[in-house]
Amino acid sequence: MECRDRYFMIAVDLSFTWEEPRFEAVDETGVFPLVGQYAAMCGYSVQVLPLQDRVELRASYFSCHTDNQDDEVFTFNFNMLVTHGEEVLTYRMNKTCSPALPWSPREVTCEENYMEVSVRSDVACPTGTRRDDWDAVVQTAYTSAGSDWQVMFQRVGQEVTPMNLTEAQDQGYTFDLTDGRLVFRTPYGQPYSFSTDVNGVPVEVVYATLFSRQSWVVLMVDLVAACSKDEGSHDGSYLRWQTPEVLHPLVAGLHETKISVGVNGELVEQPVAKGRGYLVEKFNDMVQISIPHNATGGFRKTVASGDLNEFYTFEIYVEQLSVDEDDVDTRLRFHRTLTTPLLPRPVFSEDRTVLEERMFTVYLGDVPLDVELIAVILKDTEYNVPPFTNKPGSVIAQVIQPNDTRSYTMEVPFEDSDVLQQLNKEEKAVEYRLDINYTLTVLPEKKLFFHKSSVTALTPLSPPAFTAECSDFGINFKLDRHQFDSLWVITIGSDPLTKQLAEQHGYIMSNDGKTLLLHAPLFSHGYEYTNITLKGYLGTFEILVRDRETFEVQSSSVKTCPFTTKEFIMCSTDGWMTVVADLTYGVPRGTSLASASLVDPYCVPRDTDDSRVLFSFPLNSCGSLVKLNKEIVTYENEVLFSHAQPAVKSPGGLLDRVTMECTYPLAGLHRLFSVYKFESDTAGVGKIFHSVVHHQGLQSPTTEPTTVTQTLVPVTRRIQSTRRPGRHPSAKYIKVSNFLQKLSKRTRGLSQVKTVPAL
């Protein structure tokens, strides 16, 4: 309960009353329900304000059943009836108010449901009264007046007919005479009210003349109530309400007008109003009040009607203080409710995903405070919010923003089962898509609203990558398979890695759809050998990943491992033989391994130890023999010693003769017998022959432990040795195909093998 400067107010929260309460005015004569027309006649306005979640009763200080002491002290007594189930509870309320603001000579109140005018009883006749109107009223009053008070309601073009106050009250009009004021009140839309248009603004007017004749003296009082009925307008940003400066000719002649504005029944100081954006403008004898629809003092409500909308409501309170030429001021108060039309109130969703996090981050913003997120539907599954805990790895967080809105941030991993995945072949990428259907509810009516959003993320696909580890007899590769590995082809060199290729080259391969395992045995197809020394060598195996459509190499997995062996031979595609040979039983007494050589005594080892030698030389040098038949060519050489002393005998009493050879298929050769150039599509097959079988130190990675199948080794990667150059006669080129034809003719019926000294 609160005493205001021109009325008394009771405000009750609907949460307390459950339903709309009923009010009764109480005085010494009884109890009077304040409903409908009776409430308006008696100066009461009851409003339910759902946006404020309360019901409000406003009572004029001159309302019926109010105890008035000298127009200074007013005492109110009410009953509030609240229904809880089948029980009706009665709450008694009373309040005494003493307005601090003095009464003006003339006061007009334009309430929501009635008009009220009160004048000081000692006010003189106004200077601006129109003579014709006055003469007509006086003539009628004089001829019909008696000692009791009567009233005449004037309307343009209608004959004036007096009636007594009882008759007027029966028609909905209230007159009251206090100690110092005469009060007239009427609900809107009464029979003797009329509407007029003032500069395009509708105005409702009631013009009552109260009179009484005492002998030859006629007492007359003009009571005019005029209120703007402008319902307001909205231009997209501002709510605007207009009223004429002069509402009726009876109050013409005003030469000074002051306008104050406020909301919710309270005026605010001009600087405060300006700070809130309230505007008061005067033009063409009009007063226009403009208020930003989202300004302080208003109330907003969200409405779900297909789309999400909102409206704003202001309970504006306007005072117009005017002074006429007789220095008599009139105070006019307006209570008006201004409401915007439904305005779009969209929420928005924003994709804030960071690809590197592999997590969808979706922001739902600008959600009004009277709207809550209660669930999300991902794909075909609905998840309640909160708690959203039944979805591991995902989270929804709510934040209240400074602009009085909510925001929600949802995180869902790319790998979540509700995320759709599809291949984008053109971009060589995986497209992840998360379809979200937000379920929001508008409070308090709990009406549902749905907002859909879809976010996508394109992540480039990386070619499959193997992990590798060294073993004693080769290199092991492992690949974890993924959904879109079919975009690429895995090859060894240019050959696709298939089950048939693995069987052909002795690879051990398994593939269960999730993991690919490949063991590449030492000396199998695909190896490169470098840094060959007596202590060991490096074996490198490379797996290529190629684009399935273009067959271009996209990535490679290369693994280099160190290996050791007692003996080793490598036959390269560019015509070099590299050999580590065991001479344990092939060294003459008193002879150092350093004196060993090939058939050409100038071809000496590049390194030796206690029992082994390392040679590296061109195939067609160092005295090599070439054996040629229709399908293959073989280069053979032997380890010799420059001294004639006998070699150390083996435990079996035999001398060990060490020879080595490299064999190439003729179909892959491009040049043969070239002193400085040798070209082959494939590596040769190398062998080391001992006349005495060794029983220790032999490595057996394949069925032929001394056979090496070697991929192309670039010259720049071949290990160079220090040696004296052999004799190199002029180069002679023999076209392989022609030579084979001649060879076939000469040896028809004879052996197909020909031994030719290397040039």
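**Following the disulfides, a sheet and a pocket**

Let's start at one cysteine: Cys470, with 38% relative accessibility, counts as partly exposed. Keep in mind as you look around that this is a predicted model.

What is Cys470 joined to? Its partner is Cys561, and the two make a disulfide with an S to S distance of 1.9 Å. If the word is new to you, a disulfide is a covalent bond between the sulfur atoms of two cysteines. Twist is part of the picture as well: the torsion about the S-S bond of Cys470 and Cys561 is about -85°, so this link is left-handed. Find strand 38 (residues 467-471) for Cys470 and strand 46 (residues 553-563) for Cys561; these parts are 91 residues apart in sequence, so the pair ties them together. Is Cys561 buried or exposed? Its relative accessibility is 0%, and because buried means under 20%, Cys561 counts as buried. Cys470, at 38%, is partly exposed, so this bond has one end in each of those two classes.

That bond has company, since the structure holds five disulfides. Count the bonded cysteines along the protein chain, and the pattern reads 1-2, 3-4, 5-6, 7-10, 8-9.

Now hop over to Cys3, which forms a disulfide with Cys97, their sulfur atoms 1.8 Å apart. The link of Cys3 and Cys97 is left-handed, with -70° about the S-S bond. Cys3 sits in strand 1 and Cys97 in strand 9 (residues 87-97), so the pair connects distant parts of the chain, 94 residues apart. Here too the ends belong to two classes: Cys3 is partly exposed, with a relative accessible area of 32%, while Cys97 counts as buried at 1%.

Another pair to look up is Cys571 and Cys662, joined by a disulfide with S to S 1.8 Å. It's left-handed as well, with -80° about the S-S bond of Cys571 and Cys662. Distant parts of the chain are linked again: Cys571 is in strand 47 (residues 568-571) and Cys662 in strand 55 (residues 658-665), 91 residues apart. This time both cysteines, Cys571 and Cys662, are buried.

Let's go back to strand 1, the home of Cys3, and look at its sheet. Strands of a sheet pair through backbone hydrogen bonds, either parallel or antiparallel. This sheet is an open one of four strands in the order 1-2-6-5, with antiparallel pairing. Why do strand 1 (2-3) and strand 5 (44-49) each have a side without a neighbour in the sheet? They stand at the edges with a single partner strand each, so one side is left free of a neighbour. For strand 1, two bridges join it to strand 2 (residues 7-13), and the two run antiparallel. In one spot you can check yourself, Glu2 has Met9 of strand 2 as its bridge partner.

Last stop: the second largest pocket, with a volume of about 510 Å³. Which residues lie nearest its centre? They are Ser63, Cys64, His65, Thr66 and Asp176, out of 25 residues that line this pocket. Several elements supply at least two lining residues each, among them strand 3 (22-27), helix 2 (36-41) and helix 4 (165-170). Strand 14 gives the largest share, three residues. As for chemistry, the lining of the second largest pocket divides into 11 nonpolar, nine polar and five charged residues.

Notes. Residues are numbered from 1 along each chain as its sequence is written. This is a predicted model: local features need pLDDT of at least 70, side-chain atom pairs count only at pLDDT 80 or more; totals for chains, interfaces and linings use all residues. Side-chain values use heavy atoms; hydrogens and water are left out. Two strands pair if DSSP finds at least two bridges between them. On a 1 Å grid over the protein atoms alone, a cavity is a set of points where a 1.4 Å probe fits but cannot get out, and a pocket is an open set with protein on both sides within 12 Å along at least five of seven lines; lining residues have an atom within 4 Å of a point. Grid points are joined across faces, edges and corners, and a volume is the space filled by probe spheres set on the points. Ala, Val, Leu, Ile, Met, Phe, Trp, Tyr, Cys and Pro count as nonpolar, Asp, Glu, Lys and Arg as charged, and the others, Gly among them, as polar. A disulfide is a pair of cysteine sulfur atoms within 2.5 Å. Buried means under 20% relative accessible area, exposed over 50%, partly exposed in between (1.4 Å probe, protein chains only).
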